[in-house]
Each structure stands twice: as C-alpha cells, then as structure tokens.
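Let's walk through this protein together, one piece at a time. Keep the model open beside you as you read.

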Amino acid sequence: MGLFDFIKNLFKRNKKVSIGLYGHPNSGKTTLANQIAKDWMGKDIGSASNIPHETRTVLKQEKVVIKNGENELDFDIIDTPGIATKIDYQNFLEFGLEEDEAKNRAKEATKGIIEAIKWLDDVTGVLLVVDATSDPLTQTNITIIGNLEARNIPFIVVANKIDIENSNPDKIVSVFPQHTVVPISALNGEKIEELYKAMFDKFN
C-alpha cells in the first residue's frame, strides 16, 4: 500500500458514518436493523411487530462494523419510526388496541415522524426500506427520495420481504430505475450479503 492509500484509509477510518433506515411503517426497518446487528454484533436493537408504528422513537446502535475481505465499514445504525402521510388512531383499533391506547400510539407516531425527518440532518447515508408486496409508488416513498436527493444523501432502496410469495421486487426496480435497488428478506437474511456489498460501494 502506497503513502497516498495509507492516508486515504486513515481518513476513512476517522469518518463518522450514520446510516438511517427510513420507510413506511411495517416495511421491515427494525427487522432489517436487527438482522444487521445480529449478523455483526450478535444481538437485536429493537422489537418488531405487525402493528404499525411499533417503533415510535429513533433507535440507535453505535459502532457496527461490517467486513468485506480486508475492508471495513464502521457506522451507526439509526432506525427511524415509520413515515406516513396520515395517522388515524382508528386504524390501530383494527389490531385490537383499546381506544386510549390507540390514540396514544397515534400521538407518539406523529412525534416519531417529526423526529425521523429531523434526523435527516445527521445521517450520512440511508437505507430506504420498501415493502416488495405493496405498490412502491407512494407519496411517502417519493417524498423521502426527493428529500434525500435534495440533501445529496446517498441511499439504497431495499426491496424487502422477498420471502413472501406475492412479493414483486422487479416492480420496485422498474419504478426507481435510476437508483440502486437490492431485493432481500430482512426476516430470514436472504440475499443480505448483496446488501452489504452495496453498502460498501455506496457508503464507504
């Protein structure tokens, strides 16, 4: 290794990388954050649920190091609350929550969205987690991508839930052809290595 490469790598090691996980509620952000943390740290960082807005405050895991041969990517995981354009407490009643609990969750979810948006000032890269079983062309996804592009924040579109039979990651690729799209299953780790390779290319 030459002197220039040595100095360049020295700066890379000192660079603080914070990768935010963004997306719709229940797109699998926390499941993905847990998969990454389990793969490289042997532990979960949050609880996932089928009830929307289970993650209502930002979860942070510092000093995650993933390796690719001799290369390392050292970063903090910022798992953000799901972003939605509308929150109605009545939607939570369908999941068996009592009315007071549903109203409280809706209130906390609204605060969580504001907190997630504020974190865009601090993250250096983003994994936009998209549910491959749903239509990806939503106002939320378009708004997030628009914000990331305006702020020059590098990002990867993660087409999640490919383990589900009716998933269609190809549709996400067709909707966002100008962006890096990586199909995975955060639940069982299928193709997660391809995501790690993409993270090295995009964030390192």
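A good place to start is a pair of strands: β1, residues 17-23, is joined to β4 by five bridges, and the two run parallel. To find the pairing by eye, look for Leu-21, which stands opposite Leu-127 in β4. Please keep in mind that this is a predicted model.

Now step back to take in the whole chain. Its secondary structure consists of seven helices and six strands. Followed along the sequence, these elements come in the order α-β-α-β-β-α-α-β-α-β-α-β-α. Of the 204 residues in the protein chain, 45% are buried. The chain exposes about 10900 Å², and carbon and sulfur atoms account for 48% of that area. Contacts also reach across the sequence: taking those between residues at least 6 apart, 70% join residues at least 24 apart.

Let's return to β4, which covers residues 125-131. How many of its residues are buried? Seven of its seven residues are, which makes β4 a mostly covered strand. Here a general point about strands helps. In a regular strand, side chains alternate between the two faces of the sheet. With that in mind, you can sort the residues of β4 by side. Gly-125, Leu-127, Val-129 and Asp-131 belong to one side, while Val-126, Leu-128 and Val-130 belong to the other, and both faces are covered.

β4 has another partner to visit. Strand β5, residues 155-160, pairs with β4 in the parallel sense over six bridges. A handy landmark here is Val-130, which stands opposite Ala-159 in β5. To get from β4 to β5, the chain passes through helix α5, residues 139-150, in a β-α-β crossover that is right-handed.

That helix deserves a closer look. α5 has twelve residues and spans 16 Å from its first C-alpha to its last, close to the 16 Å expected at 1.5 Å a residue. Which residues of α5 are buried? They are Thr-140, Asn-141, Ile-144, Ile-145 and Leu-148. Looking down the axis of α5, you will find these buried residues within an arc of 125 degrees, so they line one face of the helix. The spacing fits a general rule: an α-helix has 3.6 residues a turn, so residues three or four places apart point the same way. What covers the buried residues of α5 includes β1, β4 and β5, the strands you have just traced. On the face turned away from the buried side, α5 carries the exposed residues Gln-139 and Ala-150.

Finally, two asparagines are worth a stop for their backbone angles. Most residues other than glycine have a negative phi. Asn-152, just after α5, takes a positive phi of about 55 degrees, although Asn-152 is not a glycine. This residue lies in the loop between α5 and β5. Is Asn-152 buried or exposed? With a relative accessibility of 69%, Asn-152 counts as exposed.

The other asparagine is Asn-26, also not a glycine, with a positive phi of about 65 degrees. You will find Asn-26 in the loop between β1 and α2. Asn-26 is partly exposed, and its relative accessible area is 29%.

Key: Residues numbered from 1 in each chain as written. Predicted model: local features only at pLDDT ≥ 70, side-chain atom pairs only at ≥ 80, totals over all residues. Heavy atoms only, no water. Helix = DSSP H or I, 4+ residues; strand = E, 2+ residues; numbered from the N terminus. Buried < 20%, exposed > 50% of the residue type's maximum accessible area, 1.4 Å probe, protein only. Contact = heavy atoms within 4.5 Å. Areas by Shrake-Rupley, 256 points an atom, 1.4 Å probe, with all protein chains shown as cover. Pairing = 2+ DSSP bridges. Right-handed = clockwise from strand over helix to strand, strands pointing away. Expected span 1.5 Å × (residues − 1). Arc of directions from axis to C-beta.
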